[in-house]
Amino acid sequence: MHYSQVGQDLFALQTAKNKSYIEIGAADPLKLSNTFLLEQQGWTGFSLELDSKFKDDWKNCRNNVCYYEDAVTYKYKNKNRIGYLSCDINPPELTLEALKNVLSQGVVFDCITFEHDDYWREEKGFAETCNAAKKYLDSQGYKVAVDNVFAIRRRKTWTGECHFETWYVNKDIEYKTIEYRDWANNAGLL
């Protein structure tokens with residue numbers, strides 16, 4: 001069983017060598033959590049969330065801590081290599097700024113799931129962050145592992161795939177790029 005929306009926790013379990021994480025954009029401690037399964041598997045780490053409405057829920061059900069601070073300006077103390085970075089805040093431009101903040105401080109990861117919400121680009125008028133993130137992460141020593149990660153969205157007039165994430169691995173990890181549909185089929189999610 002996994003808790004994440006589309007298998008982010010399974011990707012981290014499959015890919016990361018270091019059993020540690022940083023989660024940027026924690027929200028609910030269980031529902032659609034990218035890190036709860038990891039914690040259950042003995043991983044250590046912490047989460048960052050700007051909205052404190054889930055504070056009591058975190059205290060009651062999670063061993064690892066959630067800090068209620070701004071991920072765009074957060075000062076990281078641990079400069080060791082971390083297994084997994086989950087990066088998901090809104091709007092997507094802030095997700096990219098939070099990613100740049102953590103990497104600029106010298107923190108290195110085995111794998112990263114980055115939510116760019118590319119499907120919102122035209123819907124909500126957001127700037128395109130998917131290619132900007134790919135270019136930035138390539139310059140920082142990461143490569144695309146799983147591309148075109150999607151969820152199915154149902155609306156009154158439309159149902160379809162909404163591509164919202166790209167998953168990365170450090171270039172020192174051997175991993176052949178795969179489309180999400182193939183990865184999810186292999187993982188038994190589709």
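Which side chain makes a polar contact with the side chain of Thr 166? The partner is His 116, at 3.2 Å; a polar contact is a pair of N or O atoms within 3.5 Å, where, within protein, one must be able to donate a hydrogen and the other to accept it, and residues adjacent in sequence count only if both atoms are side-chain atoms.

Before going on, a word about where this comes from. The model is predicted, and local features need pLDDT of at least 70, side-chain atom pairs count only at pLDDT 80 or more, and totals for chains, interfaces and linings use all residues. Residues are numbered from 1 along each chain as its sequence is written, and side-chain values use heavy atoms, with hydrogens and water left out.

**The whole protein**

You can find seven helices and eight strands here; helices (H or I, at least four residues) and strands (E, at least two) are DSSP runs, numbered from the N terminus. The C-alpha trace spans about 45 × 40 × 35 Å along its principal axes. Of the 190 residues, 49% count as buried, meaning under 20% relative accessible area, while exposed is over 50% and partly exposed is in between (1.4 Å probe, protein chains only).

How are the contacts spread along the chain? Take those with a separation of 6 or more: 71% of them are between residues 24 or more positions apart. Contact here means heavy atoms within 4.5 Å.

**Back to Thr 166**

Thr 166 sits in strand β7 (residues 159–170). Is Thr 166 buried or exposed? Buried, with a relative accessible area of 0%. Leaving out residues up to four places away in sequence, Thr 166 touches a whole list of residues, including Ile 112, Phe 114, Cys 130, Val 144 and Val 149. His 116, the polar partner from the start, is on that list too.

**Backbone oddities**

Two residues other than glycine have a positive phi, and here they are side by side.

| Residue | Phi | Place | Relative accessible area |
|---|---|---|---|
| Ala 27 | near 55 degrees | loop between β1 (20–24) and α2 (36–40) | 32%, partly exposed |
| Asn 148 | near 55 degrees | strand β6 (residues 142–154) | 30%, partly exposed |

There's also a cis peptide bond to look for: it joins Asn 90 and Pro 91, with omega about -5 degrees. To spot Pro 91, go to the loop between β4 (81–87) and α4 (92–104).
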